[in-house]
Amino acid sequence: MGKVVMYSSVSVDGFVADESDQPGPLFDWLSSGDVPLDESGELKVSRPSYDYTRTYWDRIGVTIVGRHVFDLTDGWGGKPPSGIDHVVVVSHRPMPEGWDPEAPFHFVDGVEAAVAKAQELAGDRMVEVAAGDVGGQVLAAGLVDEVRMDVVPVVFGSGKRYFGSVHAQHLLEDPDMVIQGNRVLHLRYRVRR
């Protein structure tokens, strides 16, 4: 099975969105360079960010998100973002009425079920868990292998926390990858077992 990775862009003070669920400048690094990150040409990053991000994106088979993120993005119109094959949505509610049942989105109740379904769908590819409340729950359940964060030079002061409402200590190894891009610092930590 592929590893489970918790990921997001994050402010220096640890937030993935402000109090109004707005990311503010957290994704500005995706337009701060001259190297196209995908075929659309809309995302352009620095060469170091491209080398790091493209390699990471190409290894993701499934992304796990909470229902809140699904609703905020309107389910990406039924098409998983960044070329990902499937999205697993953690929700106590059923899929939205009128949602295309053929879209590669899978609604499950609980983080353990989400990780199991995602690993089944991903095979040996990576399972990405969106940081925030669901990501924090997956970490607390001991199911995260690696934490990746794209740290952006902004301080929010308050908002939606990267690790959600985790209230226990979780040790990470020293960062085994630190890459400086334009307006972003890419970090990777393995979770200590």
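In the predicted model, one aromatic cluster is formed by Phe70, Trp76, Trp99, Phe105 and Phe107. The structure holds seven aromatic pairs, and among them is the pair of Phe70 and Phe105, which is edge-to-face, with 5.9 Å from centre to centre and 65° between the planes. This pair links distant parts of the chain, since Phe70 belongs to helix 2 (residues 67–72) and Phe105 to strand 7 (residues 105–108), 35 residues apart. Both Phe70 and Phe105 are buried. Phe105 also pairs with Trp76, in this case in a stacked arrangement with 6.4 Å between the centres and 25° between the planes. Trp76 is located in the loop between helix 2 and strand 6 (86–90), whereas Phe105 lies in strand 7, so that this pair ties together parts that are 29 residues apart in sequence. As to accessibility, Trp76 has a relative accessible area of 28% and is therefore partly exposed, given that the partly exposed class runs from 20% to 50%, while Phe105, at 4% relative accessibility, counts as buried.

Charged side chains provide a further set of contacts, and the structure holds 14 salt bridges. One of these joins Lys3 to Glu146, with the closest N and O atoms 3.1 Å apart. Because Lys3 lies in the segment before strand 1 (4–11) and Glu146 in strand 9 (residues 146–152), this salt bridge ties together parts that are 143 residues apart in sequence. The two partners fall into separate accessibility classes: Lys3 is partly exposed at 27% relative accessibility, whereas Glu146, with a relative accessible area of 1%, is buried. A second salt bridge connects Lys160 with Asp21, the closest N and O atoms being 4.0 Å apart. Lys160 is found in strand 10 (residues 160–161) and Asp21 in the loop between strand 2 (15–17) and strand 3 (35–36), so this pair ties together parts that are 139 residues apart in sequence. Lys160 is partly exposed, with a relative accessible area of 36%.

A salt bridge within a single helix is formed by Lys117 and Glu120, for which the closest N and O atoms are 3.6 Å apart. Because these residues are three positions apart in helix 3 (residues 111–122), they are separated by about one helical turn. Lys117 is partly exposed, with a relative accessible area of 25%, and Glu120 is exposed, with a relative accessible area of 57%. Salt bridges that share partners also join Lys3, Glu146, Arg148, Asp176, Arg188 and Arg190 into one network.

An unreviewed UniProt entry lists residues 111–170 under "domain: Bacterial bifunctional deaminase-reductase C-terminal". Over these residues the chain is 33% helix and 23% strand, and the C-alpha atoms at the two ends are 18 Å apart.

Gly61, in strand 5 (residues 60–66), counts as buried because its relative accessibility is 2%, where buried means under 20%. Leaving aside residues up to four places away in sequence, Gly61 touches Ile84, Asp85, His86, Ala122, Arg125 and Met126. The C-alpha atom of Gly61 is separated by 6.1 Å from that of Val127, although the two residues are 66 residues apart along the chain.

Key:
Residues are numbered from 1 along each chain as its sequence is written. This is a predicted model: local features need pLDDT of at least 70, side-chain atom pairs count only at pLDDT 80 or more; totals for chains, interfaces and linings use all residues. Side-chain values use heavy atoms; hydrogens and water are left out. UniProt positions are given in the numbering used here, feature names are shortened, and annotations may be inferred rather than shown by experiment. Helices (H or I, at least four residues) and strands (E, at least two) are DSSP runs, numbered from the N terminus. Buried means under 20% relative accessible area, exposed over 50%, partly exposed in between (1.4 Å probe, protein chains only). Contact means heavy atoms within 4.5 Å. Rings of Phe, Tyr and Trp (its six-membered ring) pair if their centres lie within 6.5 Å; planes under 30 degrees apart count as stacked, over 60 as edge-to-face and the rest as tilted.
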